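Please open the structure in a viewer and keep a selection tool at hand. The stops below proceed one selection at a time.

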Amino acid sequence: ARHSGADAPSSNAELFARAQAAIPGGVNSPVRAFRSVGGTPRFLVSARGAYVTDVEGREYVDLVAGWGPAILGHADPRVVQAVTDAAARGLSFGSSTPAETELAELVEARVAPVEKLRLVSTGTEATMSAIRLARGFTGRDVLVKFAGHYHGHSDGLLAEAGSGLATFALPGSAGVPADIAALTLVLPYNDLDAVRAAFAEHGDRIAAVIVEAASANMGVVPPLPGFNAALVELAHANGSLVISDEVLTGFRVSEAGWWGLESGTEHAYTPDLLTFGKVIGGGMPVAALGGRADIMDQLAPLGPVYQAGTLSGNPVAVAAGIATLRAADAAVYAHLDEAAATISEAVSTALAVEGVAHGVQRAGNLFSFVFGEEVAGGVHDYAGVQRQESWRYAPFFHAMLDAGVSLPPSVFEAWFVTAAHDEAAIGRIVDALPAAARAAASA
Ligand code: PMP
C-alpha cells in the first residue's frame, strides 16, 4: 500500500517509537540512539551542503558529516552526478570494472606506502582483513591495540584491557570468545614504555600493532610527536607489522591523510598496512586495505590469506569515492583547516566566558573538547579522556540542537567540518554557543 504524506508518521518521537518496535534500540548503529546525551534522535530525511533536515522539517547545521565521509558537504552535485551515472549503467556486476583500478591508483598516488590496494565495503572489514593478512604474513597470532582506539566491531578488536600492563585482553562485548580476546594486548595510547614492555615480553608472538593514525574515537587524541614513527621502529625491530588505521583520518585531515601530515617531517613513518573508509567512499560503502606489495600479494587469489566480497568494489559506490577524492583538492583541505580552527576557537571562547574549564583536542581538522580543570591542559590517552566532567556535554549538546546545530551525540566523538561550512553555517554555530556554554556551566 502507498502511504500518503498525511498518514506517514511525521514526528521524530513517533518515528523513534515505531523504530524501537521494529529495530533493536530503534537504530542500526548504537551511537545514533542518543543514549549518552538522552532525548529523541532526529530522523533525517535530507542533507545538502552543511545542513541536514529532519522529518519535522527542521534544518540543522551539521557537524557529524555522516561520521566523516561528507568532506565536500552533503549531496555534492559532482558526487551525486557520478553516482547517478554509475547507477544508470548497472548497480552491481560481481566482476572487474575499470573504476576499481582508477580508485586504487588515486589512493596509491596520494599515499606512498600504499603500493597495492584491496577494496572492501566497511572499515570493520578493512581492519579485520588487514589483521588476518598480518597474521598470515608473519605466522604469528598476537595483536597489539590501544585503549580507546576503535577499529570496527570484529571479535578480536572488541577487547578490553585486562588488569596491569601488557596482559592479554578480556572480551569487550558479549559474544566475543575469551580465547579470541586473549590474542589481543591492549596498551595505553601514546605510551612507548608500554609498547617496549609488550615487545620485550611477547615480541616473537606479536603479528602486528594496529593503531589509529591519530585517534578520534574517544574524542580526539592526537599522537605525541614521533609516536607513530617509534611504533613502526619498535615493531620492525621485533619482526612485527604496523597497521595504521586511517578509516577516519584518511583523505580527511590532508590529501594523504594523517600519514601525509607527518611525512616530510622529522617524524615521518612508513606503516606496512593502512586501512581506509569513510571519505574513500564519499558516503557510499567503500573501504580499503593497502600497503606493501609483498604483503598485499599474500591475499587470495595470489596468496594463502583468504578475503573476498560480493559487493567489494561496487561500481556505484566506487563512483562516489572517485568523484569525492577528485574534488578534494588542496583548497578543500585549506578550508577544512580554517573552519576547524574558527569553530573550535569559538567554542573555546564561549566556554571560557561562562567559566567552564575545558581543553581543546585537535588532530588536523578534527577536534573535540574535554571538560574540567583536571583535563584543561589536554589529554593523551583513554584514562585522561575519562577523567573529564563528561556530564557537561549532554546539556551543551541539547542547547546546540535546540538552536539548530547537530553535534556528535557523545563527548567521546570527533566533530567533523566540511568544505560546505561557509560563513553563514559557521555563523549559526557561533550564535548558538553562548546559551550552550551556559548550559554546560550550570550542569
Ligand atoms: N576504524 C576507525 C578508525 C573508525 O573510525 C571506524 C568507524 N568509525 C572503523 C574503523 C570502522 O568502520 P565501519 O564503521 O565502516 O565499519
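Select A65 first, which is placed in the loop between β3 (59–62) and α2 (77–88). The model is a predicted one. A65 has a positive phi of about 55°, although this residue is not a glycine. Is A65 buried or exposed? With 28 other C-beta atoms within 10 Å, A65 is buried; the cut-off for that class is 20 or more.

Stay in that loop and select A75, which also lies between β3 and α2. A75 is likewise not a glycine and has a positive phi, here of about 50°. Its surroundings are described by 16 other C-beta atoms within 10 Å, so A75 is partly exposed. The partly exposed class covers counts between the exposed limit of 12 or fewer and the buried limit of 20 or more.

**The open sheet**

Next, select β1, β2, β3 and β15. These four strands form an open sheet in the order β1-β2-β3-β15, and the pairing is mixed. β1 (44–48) and β15 (405–406) stand at the edges; each has a single partner strand, so one side of each has no neighbour in the sheet. Now restrict the selection to β1 and strand β2 (residues 51–54), which run antiparallel and are joined by four bridges. To locate the register, display A47 and the residue that stands opposite, V52 in β2.

**β4 and β12**

Move on to strand β4, residues 116–120. How many of its five residues are buried? Four are, and the strand is therefore mostly covered. Add strand β12 (residues 287–291) to the view: β4 and β12 pair in the antiparallel sense over five bridges. Within this pair, L119 stands opposite A288 of β12.

**β9 and its two partners**

Select strand β9, residues 206–212. Seven of its seven residues are buried, so β9 is largely enclosed by the rest of the structure. Then add its partners one after the other. Strand β5 (residues 142–146) pairs with β9 in the parallel sense over three bridges, and V144 has V209 in β9 as its bridge partner. Strand β10 (residues 241–246) also runs parallel to β9, and five bridges join these two strands. Here the pair to display is E212 with its bridge partner in β10, D245.

**The loop after β10**

Follow the chain into the loop between β10 and α8 (257–262), and select T249 there. T249 is buried, having 29 other C-beta atoms within 10 Å. A distance label can be drawn from T249 to S129: their C-alpha atoms are separated by 19 Å, and the two residues are 120 residues apart along the chain.

**The ligand shell**

Which residues are closest to the ligand? Select G123, T124, G152, V247 and L248, which are the closest of the 15 residues that surround the ligand. Then colour the shell by class: five of its residues are nonpolar, eight are polar and two are charged. Helix α4 (residues 123–138) gives the most to this shell, with three residues.

**A cis peptide bond**

Select A300 and P301 and display the backbone. The peptide bond that joins A300 and P301 is cis, with omega of about 10°. P301 belongs to the loop between α9 (293–296) and α10 (315–327).

**A helix pair**

Show helix α11 (residues 330–353) together with helix α14 (residues 423–441), which pack at an angle of about 30° with their axes 8 Å apart. How are these helices oriented to each other? Angles under 35 degrees count as roughly parallel, and α11 and α14 are therefore roughly parallel to each other. The crossing of α11 and α14 is right-handed.

**The last stop**

Finish at D381, in the loop between β14 (366–371) and α12 (382–386). D381 has 20 C-beta neighbours inside 10 Å and therefore counts as buried; the class begins at 20 or more. A label from D381 to A169 completes the tour: the C-alpha atoms of these residues, 212 residues apart along the chain, are separated by 18 Å.

Note on methods: Residues numbered from 1 in each chain as written. Predicted model: local features only at pLDDT ≥ 70, side-chain atom pairs only at ≥ 80, totals over all residues. Pairing = 2+ DSSP bridges. Near = placed C-beta within 6 Å. Nonpolar A, V, L, I, M, F, W, Y, C, P; charged D, E, K, R; others polar. Axes fitted to C-alpha atoms, helices over the stretch in contact; angles between N-to-C directions. Parallel < 35°, antiparallel > 145°, perpendicular 65-115°, else oblique. Left-handed = near helix turned anticlockwise from the far one by under 90°.
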